[in-house]
Amino acid sequence: VQLQASGGGLVQPGGSLSLSCAASGDIFSINSMGWYRQGPGNQRALVAAFTAGGSTNYADSVKGRFTISRDNAKNTVYLQMRSLKPEDTAVYYCNAWTGVNDYWGQGTLVTVSS
């Protein structure tokens, strides 16, 4: 499984940004996909993800502001981020879980700053 993330960049507090992650390779082995982030001095942590059953999980800190969605025809997962805060600044990673292995995209930097 290969994951290609795009989006990210610099945005002012209160602004919006979207990320996308396209999966390729053995996509039929994927059980779930989602987004994680790693801020300065922090460990990588879940932001939002689809479970194997198709439901969604969100970190408490992003509930109501971030939305994860997907386009199965394009094998792509999106993360729509609104009302961004400086504490959302992090490298965002796309993740795919096959039930056996974790796969990670290359990471994309999101900086929220005025």
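Two residues are said to be in contact when heavy atoms of the two lie within 4.5 Å. In this predicted model, Met33 contacts, beyond its neighbours up to four places away in sequence, Leu3, Cys21, Ala23, Ala49, Phe50, Ile68, Val77, Cys94, Asn95 and Ala96. Met33 is also listed, together with Trp35, Leu79, Met81 and Tyr92, among the residues with the most contacts inside the largest nonpolar core, a set of 28 residues. At least two residues of this core come from each of strands E1 (2-7), E3 (17-24), E4 (32-38), E5 (45-50), E7 (66-71), E8 (76-81), E9 (90-97) and E11 (108-112). In soluble globular proteins, nonpolar side chains tend to be buried together.

The secondary structure of the chain consists of 11 strands and 0 helices, and the order along the sequence is accordingly written as β-β-β-β-β-β-β-β-β-β-β. The radius of gyration is 13 Å, close to the 13 Å that the globule rule gives for 114 residues, so the chain is as compact as a globular protein of that length. Taken along the principal axes, the box filled by the C-alpha atoms is roughly 40 × 25 × 25 Å. Among contacts with a separation of 6 or more, 50% are made by residues 24 or more positions apart.

With respect to the surface, 39% of the 114 residues count as buried, while the chain exposes about 5,900 Å², of which carbon and sulfur atoms supply 48%. The chain carries 8 positive and 6 negative charges, and the mean positions of these two groups are 6 Å apart.

Two further residues illustrate positions in a strand and in a loop. Gln80 is placed in strand E8, and its relative accessibility of 28% falls between the limits of 20% for buried and 50% for exposed, so Gln80 counts as partly exposed. Leaving aside residues up to four places away in sequence, Gln80 touches Ser16, Leu17 and Ser18 as well as Arg65, Phe66 and Thr67. Between the C-alpha atoms of Gln80 and Ala5, which are 75 residues apart in sequence, the distance in space is 13 Å.

Asn31, by contrast, lies in the loop between E3 and E4, and at 37% relative accessibility Asn31 likewise counts as partly exposed. Outside the range of four places in sequence, the residues touched by Asn31 are Thr51, Ala52, Trp97, Thr98 and Gly99. Asn31 and Ala96 are separated by 65 residues in sequence, yet their C-alpha atoms are 7.4 Å apart in space; Ala96 is also one of the residues that Met33 touches.

Technical notes
Residues numbered from 1 in each chain as written. Predicted model: local features only at pLDDT ≥ 70, side-chain atom pairs only at ≥ 80, totals over all residues. Heavy atoms only, no water. Helix = DSSP H or I, 4+ residues; strand = E, 2+ residues; numbered from the N terminus. Rg over C-alpha atoms; globule rule 2.2 N^0.38 Å. Buried < 20%, exposed > 50% of the residue type's maximum accessible area, 1.4 Å probe, protein only. Areas by Shrake-Rupley, 256 points an atom, 1.4 Å probe, with all protein chains shown as cover. Lys, Arg positive; Asp, Glu negative; His and termini not counted. Charge placed at Lys NZ, Arg CZ, Asp CG, Glu CD. Core = buried A, V, L, I, M, F, W, Y, C linked by side-chain atoms within 4.5 Å.
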